Structures are given as structure tokens and as C-alpha cells.
Amino acid sequence: MAEVLVVVEQAGGAVKKVTLEMLTLARELGTPAAVVLGAPGAAAAVVDKLAEYGAATVYAAEHEDLDGYLVAPKAAALADLVRQVSPAAVLLGSTQEGKEIAGRLAVKLDNGLLTDVTGLAADGTATQAIFAGSTIVTSRVTRGLPLVTVRPNSLTPTPAPAEAKVSAVEVAVDGSAKLARIVERVAEAKGARPELTEASVVVSGGRGVGSAENFKQVEELADLLGGAVGASRAAVDSGFYPHQFQVGQTGKTVSPQLYIALGISGAIQHRAGMQTSKVIVAVNKDPEAPIFELADFGVVGDLHKVVPQAAEEIRKRR
Amino acid sequence: MNIVVLVKQVPDSGAERNLRSDDNTVDRESATNVINEMDEYAIEEALRIQEAHGGEVTVLTMGPERAGESIRKALSMGPDKAVHVVDDALHGSDALATSKVLAAALGTVNPDLILCGAESTDGRVQVMPHMLAERMGIAALTGARKLTVDTNGAGGATLTIERQTEEGYEVVTASTPAVVSVWDTINEPRYPSFKGIMAAKKKPVTTLSLADLGIPAAEVGLAGAYSAVVEHAKRPPRQGGTKVVDEGDGGVKLVEFLASEKFV
Ligand SMILES: Cc1cc2nc3c(=O)[nH]c(=O)nc-3n(C[C@H](O)[C@H](O)[C@H](O)COP(=O)(O)OP(=O)(O)OC[C@H]3O[C@@H](n4cnc5c(N)ncnc54)[C@H](O)[C@@H]3O)c2cc1C
Ligand SMILES: Nc1ncnc2c1ncn2[C@@H]1O[C@H](COP(=O)(O)O)[C@@H](O)[C@H]1O
């Protein structure tokens with residue numbers, strides 16, 4: 001069977017969930033082969049995890065330059081590998097970096113590209129949800145191989161242990177790929193919460209939360225459910241919560257098992273980022289709030305009363 | 001500094017949006033069309049750089065005749081002039097074709113700095129800046145929440161951005177020429193003044209066809225697309241479920257629901 005390349009995404013040294021999802025998907029299409037693009041040592045740290053999810057080969061493309069510049073060197077190394085191994089398909093995460101690498105790869109290989117794919121069949125037919133999730137599209141790459149970016153949380157990753165063979169890839173980065181230099185990476189305090197787009201539970205607060213201080217109630221419920229915290233744009237614009245947690249049209253797209261919207265009206269631009277969630281729960285004091293049209297369970301009431309009581313009840317049940 | 005801002009006209013994300021049933025392309029005919037919101041932040045950033053360092057700001061759009069409205073709207077914020085690539089053969093172009101056309105059009109202006117939005121609300125593809133950089137052999141600094149320009153006196157500059165990542169942020173630097181894409185956290189776009197709106201009517205807009213750019217029609221549009229929509233359908237709208245009014249036990253009821261779904 002032909003190889004399906006899965007470009008590995010890492011965060012803080014660990015393999016991101018979307019990579020495990022892609023390995024799971026790749027098994028339906030061919031033989032999964034993981035590609036690690038990073039500084040020397042990057043592959044060794046993750047081989048076991050990749051093998052656990054079925055990677056038959058781990059291509060280790062390692063070079064300092066892959067880490068020191070914005071995506072261009074990674075795209076160059078990946079293009080070289082694709083030319084060498086002629087895979088059946090190439091999968092990347094539909095994340096900022098995944099899309100950026102894919103865009104460059106498409107130009108380099110003169111190959112079609114589909115982004116934000118939620119499903120991919122063995123014949124290369126892809127499924128995408130567009131226009132705020134209101135329209136479902138099936139599409140295919142008509143020139144070249146299926147080159148797709150896969151939206152996180154589109155499927156459940158399942159282990160399928162394999163003997164991963166590590167194959168070192170020669171990396172030669174020329175000057176034209178080294179124009180955007182990363183001079184500093186600043187880590188910002190991040191609690192133990194899962195990453196927003198990968199979390200299976202997301203608890204979001206809107207303008208109705210009322211203040212930055214009150215967002216503690218949102219965080220508390222999220223922590224009790226092992227979830228991530230999100231926010232509406234109105235909450236972000238009001239300074240209640242940082243921008244990187246914004247869900248919606250101009251924020252993150254999430255697709256968790258459970259989405260809880262607290263004090264969020266449910267504007268179309270907010271729905272754009274959450275409407276494909278499995279189960280949706282809403283708390284809003286306005287019985288006419290549009291969020292109730294899509295909530296599987298809604299509580300009409302003051303979130304400042306309902307949320308602390310819910311937190312208390314969860315603790316009681318432990 | 002010679003700055004070009006890429007502006008795309010998109011169907012309003014707050015209104016109903018559809019694909020056409022005949023050729024599966026975005027229905028721009030029946031939609032309310034607006035400037036891609038993120039591009040207004042790119043225009044604002046360009047104007048601030050011009051105010052600090054001088055030079056010229058040009059708006060570049062590829063789109064049908066109607067996209068001219070968005071060009072006037074963009075010009076009313078303050079840019080000096082515009083270039084509009086318009087050609088019937090462009091209908092149905094994918095990101096690859098669009099980047100080919102925009103790269104060729106940029107070649108006619110020869111900018112030091114290209115500014116654009118981080119993504120558009122219709123495609124949300126987020127690939128345009130890197131595709132352009134790849135084609136033009138220049139740097140791409142993407143997803144900027146902050147941009148600093150240090151001019152070098154010889155017309156060029158060193159650009160430094162901050163971009164948000166999942167772990168924190170990255171500081172990335174490049175020399176001009178470069179393309180920089182911006183998020184809506186970078187600034188607060190100005191509203192066009194009455195004077196600006198009047199002045200925009202008289203600002204020069206150059207229209208370019210594919211022939212002007214030397215691009216064969218077969219390489220763009222539906223015919224030249226590298227991917228195709230096979231079919232599309234409206235997702236059945238979600239059905240609202242149970243709704244309870246809090247009578248002092250709303251939190252408990254909520255948890256009972258979560259428990260019934262095995263979340264607690
Ligand atoms: C181009 C564009 C892009 C956009 N992108 C995004 C995006 O990415 N994400 C996004 O979220 N929005 C986005 N928006 C904005 C969007 O249109 C809405 O303005 C926004 O989602 C509203 O946020 P909200 O629901 O928190 O606030 P509101 O609409 O003000 O709703 C607040 C809700 O809280 C309820 N409430 C108030 N107090 C309480 C209480 N004590 N208890 C319970 N309920 C209470 C109210 O009844 C109300 O329903 C975008 C808009 C545009 C034009
Ligand atoms: N047809 C176009 N004309 C001008 N600019 C465009 C066009 N398409 C995309 N862009 C620019 O590229 C950015 C990213 O677009 P996209 O890759 O479609 O999400 C947009 O915000 C615009 O600034």
C-alpha cells in the first residue's frame with residue numbers, strides 16, 4: 001500500500017492530538033508515515049507515540065533551520081520528501097502552521113489544496129463544512145495528490161501499534177527559505193487546561209459573564225469538566241478574557257464533544273466557531289437568545305446563580 | 001515606502017451565504033458583499049506606517065466588477081490609489097490561481113511592503129500570504145498582532161512582528177520586500193470621514209485584465225482550478241432541545257443533563 005504522509009505537530013515536546021487523529025485517518029487511506037520537521041532530536045522524542053498510533057515509518061527531517069525560521073524551510077524539506085517518496089496523500093493539521101506549510105507546498109509542487117477538511121475517503125473525496133458550518137461540501141483535488149489540512153477533533157484517534165522505522169531525511173535549506181527569522185519565543189503562563197481546538201469539552205463565556213473577575217466562574221466549571229475555556233468576541237473586546245481564546249468567525253473553530261455557552265447570545269459569527277460541537281448547552285437569562293435554537297439543553301436564568309450551583313453539584317457527585 | 005494592501009470583497013458573514021447550484025462557486029450575486037473585515041485592519045496599519053514613514057498606499061483587489069464598491073470603501077479610509085484585476089475568466093479561481101494573479105499584479109506595483117488580512121471570512125483558507133511569498137521569493141510574516149517598521153534610509157526597512165501562538169507568542173523579523181498578514185488585534189481601523197468618502201471618488205483606480213498580466217485564461221478560473229467541489233448541501237439546522245427555566249435548581253438540572261450524557 002502506498003504511504004500517506006502525516007506531518008507531525010508538536011506542542012511543548014508532546015505530539016498534538018490532531019496528529020494522532022490524522023494517523024488514524026491515514027490508516028484508512030494507505031500506510032501511515034509520520035513526518036517530523038524540526039530541530040535535531042525532535043523525532044526521537046515522539047517516535048513511540050507515533051508508533052502507538054500506527055506510523056510504520058517516521059521520517060526525521062531535522063535541522064536547526066527548521067526551527068529558526070517561519071515555515072518556509074519546513075515546506076522546502078517536505079516538498080523534497082514528497083518528491084522522493086511519491087506518497088498517496090499528504091495530511092497536515094488545519095492549524096495556522098499546518099495551513100501555512102500546505103500553502104507553500106501547493107505552490108512548490110503545483111498541486112491542489114483543500115483546507116479545513118473533516119473527512120477524507122480512500123478515493124480522495126474530502127468533506128468540508130463551510131459558511132459557519134451551514135453548508136457541507138464534498139470536494140477533491142483535481143491536480144496532483146490529495147493535499148489536505150485536517151480540522152482538529154474531526155475524528156476520534158485510536159491506537160494501532162506499529163513498529164515505527166525511523167528514516168533520517170537529508171535537509172538542505174537554501175537562503176530563499178530563510179527570510180523570516182524567529183528571534184524570540186515567549187512562553188505565556190498556561191495552566192493545565194487542554195488546548196482550545198483540541199479539547200473535548202469547551203466552556204465559553206460571553207458578555208453576560210460581566211467582568212474579567214467573573215470569568216473565574218467559567219474557568220471553575222471548565223476545570224471541573226477537564227475542559228478548555230473559550231470566549232465570545234464581545235467578552236474579548238470588553239477585556240474579560242484574552243483574544244487567543246476567542247471562538248468564532250474571527251477566532252478559533254472548535255468541535256468538542258461538549259460546548260457550554262454562558263451568557264452568549266449566539267450570533268452567527270459565534271456559531272461559526274462552535275456549531276459542529278456534539279452536544280451544546282447554554283445558560284442565558286434571555287429566553288429568546290438565538291443560542292437556544294441550537295442548544296441540546298438550555299437553562300433560562302442568571303449564570304451567576306446557575307454556574308456556581310452547577311459547580312457545587314458536580315463536586316457533590318464526586 | 002511603497003505599500004500595497006490586499007483587499008478582498010466577501011459575502012457578509014452576518015447574512016445568508018450560499019454556493020451556486022450550477023457551478024458550486026460562491027454565490028456573490030445574491031449576497032450582501034462587504035470588505036473582508038480583517039482587511040480593514042491591514043488598511044489601517046498601512047496608513048499608520050505611511051503617516052510615520054511616508055510613501056504611497058495602493059489597494060489591490062481581484063474580483064468581479066462589483067468589487068469596485070469595496071475598493072471605493074477602502075480608498076475612503078485614506079489610501080492613494082487602487083488596482084483592480086477584473087476578468088470574466090477569473091470566476092471560480094482557487095487559492096493557487098488567485099495567488100498567481102495577485103503575484104503578477106503586485107509585480108506591476110513593485111511594493112516594499114504587502115499587507116493583508118490573516119484570513120478571509122468566506123474561504124478562511126489563510127494561505128494567501130505564504131503562497132504569494134513563495135511565488136515572489138520574498139518573506140512572509142503572518143498573523144501579526146503587532147508590527148514594527150525600522151526604515152533603513154535607502155527605501156527599505158526591517159520589519160518585526162509579534163504573532164500569537166498556542167504557547168505564547170513569537171517575535172519574527174524580515175527585511176523588505178515582504179508580505180505581512182494581520183489579525184484584528186493589531187489596531188482599531190478608522191471610520192472613513194465625509195471628506196475621505198468624497199475624495200475616494202476621484203482617486204485613480206487602474207483596472208487590469210488577465211491579458212494585461214500575461215496570464216492565460218486557461219490557468220485560472222474554474223477551468224484552471226486544482227480542486228473541485230463535487231457536491232454541496234445545506235446542513236440540516238440543529239434542533240433546539242430541552243429548555244428549562246431556572247427556579248432555583250437550574251444548576252442542578254444542568255448537571256443532571258451532563259450526567260445523563262456521561263460528562264460527569
Ligand atoms: C466580521 C465579524 C466577525 C465576528 N467574529 C466573531 C467571533 O469570532 N466570535 C464571536 O463570538 N463573535 C464574533 N463577532 C461578533 C458577533 O456578531 C457578536 O457581536 C458576539 O458574538 C456577541 O457576543 P456575546 O454573545 O458574548 O454578547 P451579546 O450578544 O451582548 O450577548 C450577551 C448575552 O448574555 C446574556 N446575559 C447577560 N447577562 C447574563 C446573566 N447574568 N446570566 C445569563 N445570561 C446573561 C444576554 O441575554 C445575551 O444573550 C463577529 C462580528 C463580525 C461583524
Ligand atoms: N481576490 C483577492 N483579492 C485581493 N486580496 C485577496 C484576494 N483573496 C485573498 N486576498 C487577501 O488574502 C487574505 C487571506 O485570504 P484567504 O487566504 O482567502 O483567507 C485576505 O484577507 C486578503 O487580504
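Q: How many residues surround ligand 2?
A: This is a predicted model, in which local features need pLDDT of at least 70 and side-chain atom pairs count only at pLDDT 80 or more, while totals for chains, interfaces and linings use all residues. Residues are numbered from 1 along each chain as its sequence is written, chains are lettered from A and ligands numbered from 1 in the order in which they are written, and side-chain values use heavy atoms, without hydrogens and water. The closest residues to ligand 2 are B:Leu6, B:Asn36, B:Asp39, B:Met62 and B:Ser120. With a residue taken as near if one of its heavy atoms lies within 4 Å, the number around ligand 2 is 18.

Q: What percentage of the area that ligand 2 exposes when taken alone does the protein bury?
A: Polar contacts (pairs of N or O atoms within 3.5 Å; within protein, one must be able to donate a hydrogen and the other to accept it, and residues adjacent in sequence count only if both atoms are side-chain atoms) reach oxygen atoms of ligand 2 from a polar side-chain atom of B:Asp39 at 2.5 Å and from a backbone N or O atom of B:Leu6 at 3.0 Å. Alone, ligand 2 exposes 480 Å² (Shrake-Rupley method, 1.4 Å probe; for residues, only the protein chains shown count as cover), and the buried part of that is 97%.

Q: Which element gives the largest share of the shell around ligand 2?
A: Helices (H or I, at least four residues) and strands (E, at least two) are DSSP runs, numbered from the N terminus. In chain B, β4 (56-62), α3 (95-109) and β6 (113-117) each supply at least two residues of this shell. The largest share, three residues, belongs to β4(B).

Q: Why is the site of ligand 1 shared, and between which chains?
A: The residues around ligand 1 number 27, and A:Arg207, A:Ser232, A:Ser265, A:Gln269 and A:Asn284 come nearest. In chain A, α7 (233-237), α8 (268-271) and α9 (303-317) each supply at least two residues of the shell. The site is shared because the surrounding residues come from chains A and B.

Q: What percentage of the exposed area of ligand 1 does the protein bury?
A: An N or O atom in the side chain of A:His270 is 2.8 Å from an oxygen atom of ligand 1. A backbone N or O atom of A:Leu303 lies 2.9 Å from a nitrogen atom of the ligand. Ligand 1 taken alone exposes 990 Å², and the share of it buried by the protein is 80%.

Q: What area do chain B and chain A bury between them?
A: Contact, meaning heavy atoms within 4.5 Å, takes in 86 residues from chain A and 79 from chain B. Buried area is the accessible area (1.4 Å probe) that two parts lose on being put together, summed over both. Carbon and sulfur atoms hold 56% of the area buried here, the total being about 7,200 Å².

Q: Which element gives the largest share of the side of chain B that touches chain A?
A: There are nine salt bridges between the chains (a side-chain nitrogen of Lys or Arg within 4 Å of a carboxyl oxygen of Asp or Glu). One joins A:Arg104 to B:Glu134, with the closest N and O atoms 2.8 Å apart. Elements of chain B that give two or more residues to this side include α1 (37-53), β8 (157-164) and α7 (250-260). The largest share, ten residues, comes from α7(B).
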